[in-house]
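The following exchange concerns how certain structural terms are justified. Each answer sets a computed value beside the criterion that applies.

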Amino acid sequence: MYRTGENEELGRLQAAGNLRELRTVSVHGSMLISGGKTYVNLSSNDYLGIGSDTLLQEEFFDTIGLGCNDRSATGRGDTDGGTSRKRFLLGNPASRLMTGNSPDYNKLETALLRYHGYSDSDDKAALVLGSGYLLNCGLPGAICSPDDLILADKFIHASLIDGLRLSGAQWERYRHNDTAHLEKLLQRNASGAGKRVTVVTESLFSMDGDWWDAPGIARLQRRYGFRLYVDAAHSFGVFPVFPPPNANALPYQTAPASGNTTGGHPEALSPQNYGQQTPGGESEAPRIDFLAGTFGKAAASQGAFVICSREDRELLVNKMRTLIFSTALPPISLQWTRFVVGKLASSPEIAARRVRLTELINILGGRSQIIPVVIGDNHRTLEAAARLRSEEYWVSAIRPPTVAEGAARLRISLTAAHTVEQITRLAGLCRNFGVPETRR
């Protein structure tokens, strides 16, 4: 027990069941090794199993000339800017605004626009940053002034909360997915002359695994005209940013039909085809002004992106401090991400993995690949995680400040690398242990 001096805070954390530690682990597909023991890994965001796909990695290395048949290159004297092994791929010791803006940034940003269904004629642009945290911390302050107002869902990610605090703008949070409460806040602030309002939400919420109310926000946006910032970190590559109108009906129950050239990729479900039409002929989909996503989850890479108007991108380049003062990503990371984005868009194998993931979600009765089991008390949550670990399942205990006081939980994270047998057994263990069942 920590008792004195600088350790008093650690002692308080320990007494509250809220003390954390870094564990050394080794991940192998759906399995995890720690302390010489092997567990089924239920705490990974590698939702499509791409991070552990060695065959896919070998294919990538072959495409950039670093495959098994290309080991003779010396790595010296090359200045052609190509993708051979001679090129300095592993580092990028400058910011994008200095000398770090390699050609691979432009190629990746173009690929992201195409993935989301935009062409050169659309007023859309993509901007890649070093991480989702940098993106969410820096974007609010770059697009808002002290006179502006940000209204954010209560359950947005910690990186967005930090972004609100750093923005200098006025901000409030509305109750989770409660568009009636959001409308009250909009009405209360509607009279502010010259005040711009931005609504911030996630598409798929990281700790609750539920979806945003896209139709409800669309209706309010038509009425009040606010800007919309959607963080799609956990849906990018897996499910559409616009969820199905029936949140219980996940979109990948069956494999895509033969000859489907999209591979069933999520953003093939465009906003124009989402949901029902209003009596006035308008789509139920809201206009997303800033669509954010990360490469560190389903894309199994590093970095993050935002899609916005071309003018807003120019503003971000000039005002977003987390871009201006951050070292650029290495070219090899950018090339790997572009390779993965291509697979997300067109690979039948990746499409089949989405179907397999949906099957696993249905076994546990989840609304997405993120399945929370809310227990409440920190100590009881730690005990539940330990009991599952004794049965060779690695599940993280999520406690404050990640979630609110009294809302500690197990966060089960399913991936396409899991098997039906693993998840069926997990469901039985949860019932035997008295762990609350998940419900859609």
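Q: Which residues of helix 7 (residues 179–188) are called buried, and what makes them so?
A: In this predicted model, the buried residues of helix 7 are Thr-179, His-181, Leu-182, Glu-183, Leu-185 and Leu-186. The term requires under 20% relative accessible area, so each of these residues falls under that limit.

Q: What covers the buried residues of helix 7?
A: The covering elements include strand 5 (149–153), strand 6 (170–174), strand 7 (197–202) and helix 8 (214–224).

Q: What makes the pair formed by Asp-178 and Ala-180 at the start of helix 7 a polar contact?
A: A side-chain oxygen of Asp-178 reaches to within 3.1 Å of the backbone nitrogen of Ala-180. The cut-off for a pair of N or O atoms is 3.5 Å, therefore this pair qualifies.

Q: Why are strand 1 (residues 26–28) and strand 2 said to pair?
A: Pairing requires at least two bridges, and these strands have three, so the criterion is met. Their sense is antiparallel, and Val-27 has Leu-32 in strand 2 as its bridge partner. The hairpin of strand 1 and strand 2 has two residues between the strands, and Gly-29 takes a positive phi near 65 degrees there.

Q: How do you know that strand 2 and strand 3 (residues 37–41) pair?
A: Four bridges join strand 2 and strand 3 in the antiparallel sense, against a requirement of at least two; therefore they pair. Ile-33 has Thr-38 in strand 3 as its bridge partner. In this hairpin, which also has two residues between the strands, Gly-35 takes a positive phi near 60 degrees.

Q: Which residues of strand 2 (residues 31–34) form the covered face, and which the uncovered one?
A: Leu-32 and Ser-34 form the covered face, whereas Met-31 and Ile-33 form the uncovered one. In a regular strand the side chains alternate between the two faces of the sheet.

Q: What makes strand 11 (370–376) and strand 13 (396–398) edge strands?
A: The open sheet of three strands has the order 11-14-13, with antiparallel pairing. Strand 11 and strand 13 each pair on one side only. The twist averages 30 degrees from one strand to the next.

Q: How do you know that strand 13 pairs with strand 14 (residues 408–413)?
A: Three bridges join these antiparallel strands where at least two are needed, so they pair. Ala-397 stands opposite Leu-410 in strand 14.

Q: What does helix 13 (residues 378–390) touch as it packs on the sheet?
A: Helix 13 touches strand 11, strand 13 and strand 14, and its direction makes about 30 degrees with that of strand 14.

Terms used. Residues numbered from 1 in each chain as written. Predicted model: local features only at pLDDT ≥ 70, side-chain atom pairs only at ≥ 80, totals over all residues. Heavy atoms only, no water. Axes fitted to C-alpha atoms, helices over the stretch in contact; angles between N-to-C directions. Contact = heavy atoms within 4.5 Å. Buried < 20%, exposed > 50% of the residue type's maximum accessible area, 1.4 Å probe, protein only. Polar contact = N/O pair within 3.5 Å; in protein donor to acceptor, adjacent residues only side chain to side chain.
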